[in-house]
Amino acid sequence: MNDIEAIRKTIRRLESRSIIPFDEDADEVVGIAIQGLEKQIPKEPIYIGIESEACPVCLNCLKSGQRFCENCGQRLEW
Ligand SMILES: [Zn+2]
């Protein structure tokens with residue numbers, strides 16, 4: 001199992017509640033955990049012009065080859 005498969009499996013477990021944090025704010029904790037894990041799954045930058053790309057999540061302008069968006073933390077795959 002590679003990192004991405006492990007992240008996807010963990011997200012599925014969190015969504016199905018087979019992993020349940022026992023706090024009164026469990027729904028919020030699970031939501032935040034899923035958002036953070038989803039950002040570790042690489043996404044391709046969006047082409048917005050000649051030699052200009054943006055983050056596919058927050059549309060922050062990126063420098064070529066950047067591995068993570070400095071604004072939202074999305075992992076990038078060029
Ligand atoms: Zn971003």
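The following questions and answers concern a predicted model and go through its domains, helices, sheet and a few individual residues.

Reader: How far apart do the C-alpha centres of domain 1 and domain 2 lie?
Author: The protein is divided into domain 1, covering residues 1-41, and domain 2, covering residues 43-78. Taking the C-alpha centres of domain 1 and domain 2, the separation comes to 24 Å.

Reader: What distance separates the end C-alpha atoms of helix α1, and how does that distance stand against the expected span?
Author: Helix α1 runs over residues 3-15 and has 13 residues, so at 1.5 Å a residue it should span 18 Å. The end C-alpha atoms of α1 agree with that expectation, being apart by 18 Å.

Reader: How many of the 13 residues of α2 are buried?
Author: Helix α2 comprises residues 26-38, and the distance between its end C-alpha atoms, 18 Å, agrees with the span expected for its 13 residues. A residue has to have 20 or more other C-beta atoms within 10 Å of its own to count as buried. Helix α2 lies largely in the open, because the number of its residues that are buried is zero.

Reader: Which residue just after α1 takes a positive phi?
Author: Helix α1 itself lies largely in the open, because none of its 13 residues is buried. Just after α1 the backbone takes a positive phi of about 65 degrees, and the residue concerned is R17.

Reader: Which strands stand at the edges of the sheet?
Author: Three strands form an open sheet in the order β1-β2-β3, with antiparallel pairing. Two of these strands have a single partner strand each, so one side of each is left without a neighbour in the sheet, and these edge strands are β1 and β3.

Reader: Which residue in β3 is the bridge partner of E53?
Author: Strands β2 and β3 run antiparallel and are joined by two bridges. For E53, the bridge partner in β3 is L62.

Reader: Is E51 buried or exposed?
Author: The place of E51 is in the loop between β1 (46-49) and β2 (52-54), and its phi is near 55 degrees, a positive value in a residue other than glycine. Because E51 has 7 C-beta neighbours inside 10 Å, and 12 or fewer is the condition for this class, E51 counts as exposed.

Reader: What is the phi of L59, which is not a glycine?
Author: L59 lies in the loop between β2 and β3, where it counts as partly exposed because it has 13 C-beta neighbours inside 10 Å. Although L59 is not a glycine, its phi is positive, at about 65 degrees.

Reader: How far apart in space are N60 and S16, C-alpha to C-alpha?
Author: N60 is found in the loop between β2 and β3, and it counts as partly exposed because it has 14 C-beta neighbours inside 10 Å. Leaving out residues up to four places away in sequence, N60 touches A54, C55, C69, N71 and C72. N60 and S16 are 44 residues apart in sequence, and their C-alpha separation in space is 32 Å.

Reader: Why does C69 count as buried, and how far is it in space from C58?
Author: C69 sits in the segment after β3 (61-62), and it counts as buried because it has 22 C-beta neighbours inside 10 Å, where 20 or more are required. Beyond its neighbours within four places in sequence, C69 is in contact with several residues, including C55, V57, C58 and L76. C69 and C58 are eleven residues apart in sequence, while from C-alpha to C-alpha their distance in space is 8.7 Å.

Definitions and conventions: Residues are numbered from 1 along each chain as its sequence is written. This is a predicted model: local features need pLDDT of at least 70, side-chain atom pairs count only at pLDDT 80 or more; totals for chains, interfaces and linings use all residues. Helices (H or I, at least four residues) and strands (E, at least two) are DSSP runs, numbered from the N terminus. Two residues are in contact if their C-beta atoms, placed from the backbone, lie within 7 Å. Domain bounds come from an automatic or database domain assignment. Two strands pair if DSSP finds at least two bridges between them. The expected span of a helix is 1.5 Å times one less than its number of residues.
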